[in-house]
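Morning, everyone. I'll put the structure up, and then we'll walk through it piece by piece.

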Amino acid sequence: MMPRLTARWLIFLLMAAVPVALIVAPIGSFLLISFFRADKHEIIRELTLFNYINFFGNWTYLGTYLGTILLCLEVVAVSVLVGYPIAWFIWQQKGSRRYLMLLLAVVPLFMSYIVKLYTLRSMLGLNGLVNQMLLSLGILDKPSQFFLFNQRAVLITMVVIYLPFVILPIFLALERIPRSLLHASIDLGAGAWDTFRRIVLPLSFPGTVAGALFVFVLALGDFITPQMVGGTTGFTIGRVIFSQFGLAFDWPFGAAMAAILFLTALAGILMAGFAISRQKV
Amino acid sequence: MGLELRNVSKSYAHQEVLHPLSLEVANGEFLTLLGPSGSGKTTVLRLIGGFSEVSGGRIFFEGKDITGAPANRRPFNTVFQDYALFPHMTVVQNVGYGPLVQRRAPEAARKLIADTLEIVGLSELQDRFPAQLSGGQKQRVALARAIVCEPQVILLDEPLAALDATLRRQMQVFLKQIQRRIRTTFIFVTHDQDEAITMSDRIVVMSQGRIEQVGTPREIYFQPRTHFVAGFFGDNNLIPGTLAGPDAVDTALGRLPIAASKQHASGAKVLLAIRPESLRLGAGKVSIAGEVVETTFGGALTKLLLRCKKAPDITLNMRLAGNDRASVLDIGTPVTVTYNPADAVVIEE
């Protein structure tokens, strides 16, 4: 009995070693550094809350952080509002057409992130596709700077880039709904709207939350998109963290902000988990 | 009046899965569509329910043409094979779904739902979710959800297929009781012969997209009109032969008497069908000699398999009461059996 038990423990430890070395240890070291202090590019190794006090006491940082969360929530909301109908539409297709369309919807995931960013930048710019179209339709009489190098541009770009991450889980949730439930709903006298609202929507809710969570976490940590299309007003906490590490060489402060961002993402995950678990399926 | 199917057919991609068929169902009747898988019985149910469009023919209800009406505009409700309960709703919400989406007055609906739960015996479980119910309980919810809508016809698609044998028998009795109580037409689909015989007012036997025979359980069982129907219930004895006159058939076992029939011409190729329980030990007007090749004691009944002396390739199934001393026969024992000509049925090949 005993040897087998120890063998089991050994296997467990070996298996746990990989995630510990690759995930837990780096995060742990980050958290530790965030309690140190930087003095002229020198890290002073004594525990202090200096970085956290600095962050919450300074509106420049706190405001950027709150603004970033708001932006991410907007990205989530728009992504879900746009992605859900697309996923629903794909789900309504029959046979092989359905999977072809699904493939088309997720193809952007196989493309380079930077390529997508440049493409969007050129489309949203002064002489870009969007302005050209609005001009030729007569909606604008001169090219507008409305779409690039501001917070709005960050929002639009993030939604376009992260859309596949909402479409996919929502589609999978929709597809898991047995057809007989939809037949039963109609059989009991419900119209299309009632069936959607009372059966399809609640049953696809977990997938929708999963998609929203993906987008939220990805958008929260994204510092390249704001850098590329955000201009001066599209400043996010990701960019601030990046500058602390890359430009200011204040690693402890950067680590503290990264830790706060990490906890924010964790809170998002827990809230999503709570939302799903409240629903009995 | 009731429900009427007139020359209804169904094809998928140029393949006719249901050949034109006509059928009338009286109000309050318990009608069973019986057949093996692929016989088209579920297709008929789906056409009646409005889940599938007819390729030809028309469907009438109370004299009104409902062929083009969608499922939610027909006064029918379905109990699905996998129950199709809404997993995110409690029992009472599932049952209340119909009244809710049909915009019934909430007060009246509440009373109706409570009464229905009472009828199917689920009042105590009303706040459970489907995942917390047993198979039989789910079945009751599915039934309650249909009858709460007060439909004119309830369609049941192999509702007992997923239940174990004991529960199945209980549910058969239960379904029949409910049907008698609410006096609604039940159209029941099954592939189980015993289920069909014990529950139905009338049975529609189907095979390969066609109706083989329609009749009461007794008619279907004792007066099969086709080879398929004769062979579908129990281990019927089917002996090929030619009609030798109005009251005899020439077979490999000699000339066997039948009840006088004017339906078939002399010389016609026929099958003689004799139920295992119609064969008796002993000599009579007709005697068939043979020997026992197999005997199975099954409690109430003992099954015997006999090989005929005159034609060793013909075997006969026989049933004797288990408490009959004479049924204790060793393999190889020579026996003589007889039957009442009135119990023999002639089927044209």
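Start with β17 and β18 of chain B. These two strands run antiparallel, and seven bridges join them. This is a predicted model, so keep that in mind throughout. β18(B) covers residues 315-321. One bridge pair to find: Leu305(B) has Asn317(B) as its partner in β18(B). The connection from β17(B) to β18(B) is a hairpin, with six residues in it.

Now look to the other neighbour. β16 of chain B, residues 288-297, is also antiparallel to β17(B), again over seven bridges. Thr296(B) sits opposite Lys303(B) of β17(B). The hairpin between β16(B) and β17(B) has three residues between the strands. Gly299(B) is in that hairpin, and its phi is positive, near 90°.

Stay on β17(B), residues 301-308. Which of its side chains are buried, and which are not? Thr302(B), Leu304(B), Leu306(B) and Cys308(B) point to one face, and they are buried. Leu301(B), Lys303(B), Leu305(B) and Arg307(B) point to the other face and are not buried. That fits a general pattern: in a regular strand, side chains alternate between the two faces of the sheet.

Next, another set of strands in chain B. β11(B), residues 237-245, pairs with β14(B), residues 269-274. The sense is antiparallel, with six bridges. Leu238(B) faces Ala273(B) in β14(B). β11(B) also pairs with β12(B), residues 248-251, antiparallel over four bridges. There, Leu243(B) is opposite Val249(B). A two-residue hairpin links β11(B) to β12(B).

On to the cores. Nonpolar side chains tend to be buried together in soluble globular proteins. Here the largest nonpolar core has 94 residues. Ile48(B), Ala144(B), Ile187(B) and Leu272(B) have the most contacts inside it. The element that gives the most to this core is helix α4 of chain B, residues 135-147, with six residues.

Take Ile187(B) as an example. Which residues does Ile187(B) contact, leaving aside its neighbours within four places in sequence? The list is Val25(B), Leu31(B), Leu33(B), Leu45(B), Ile48(B), Val153(B), Leu155(B) and Leu156(B). A separate core has 53 residues, and Ala38(A), Tyr84(A), Ile161(A) and Val166(A) are among them.

That brings us to chain A. Its secondary structure is 12 helices and two strands. Reading from the N terminus, a helix comes before the two strands, and helices follow them. Buried residues are 32% of the 281 in chain A. Its radius of gyration is 23 Å, where a compact globule of 281 residues would be near 19 Å. The C-alpha trace spans about 80 × 70 × 30 Å along its principal axes. Now take contacts in chain A with a separation of 6 or more: 72% of them are between residues 24 or more positions apart.

Here is one such long-range case. Ala212(A) sits in helix α9 of chain A, residues 192-221. Why does Ala212(A) count as buried? Because 25 other C-beta atoms lie within 10 Å, and the cut-off for buried is 20 or more. Ala212(A) is 136 residues from Val76(A) in sequence, yet their C-alphas are 5.6 Å apart. Beyond its neighbours within four places in sequence, Ala212(A) contacts Val76(A), Val80(A) and Val166(A).

Two backbone oddities in chain B. Ala84(B) is not a glycine, but its phi is positive, about 50°. You will find Ala84(B) in the loop between β6 and α2 of chain B. It is buried, because 25 other C-beta atoms lie within 10 Å. Glu150(B) also has a positive phi, near 50°, and is a residue other than glycine. Its place is the loop between α4 and β7 of chain B. Glu150(B) is partly exposed, with 15 other C-beta atoms within 10 Å.

Last, where the chains meet. 19 residues of chain B contact 18 residues of chain A. On the chain B side, β6 (76-79) and α2 (91-101) each supply at least two residues. The largest share, three residues, comes from α2(B). By class, that side has 10 nonpolar, seven polar and two charged residues.

That's the tour. Questions, please.

Note on methods: Residues numbered from 1 in each chain as written. Chains lettered and ligands numbered in written order. Contact = placed C-beta atoms within 7 Å. Nonpolar A, V, L, I, M, F, W, Y, C, P; charged D, E, K, R; others polar. Rg over C-alpha atoms; globule rule 2.2 N^0.38 Å. Buried ≥ 20, exposed ≤ 12 C-beta atoms within 10 Å, placed from the backbone. Core = buried A, V, L, I, M, F, W, Y, C linked by C-beta atoms within 7 Å. Pairing = 2+ DSSP bridges.
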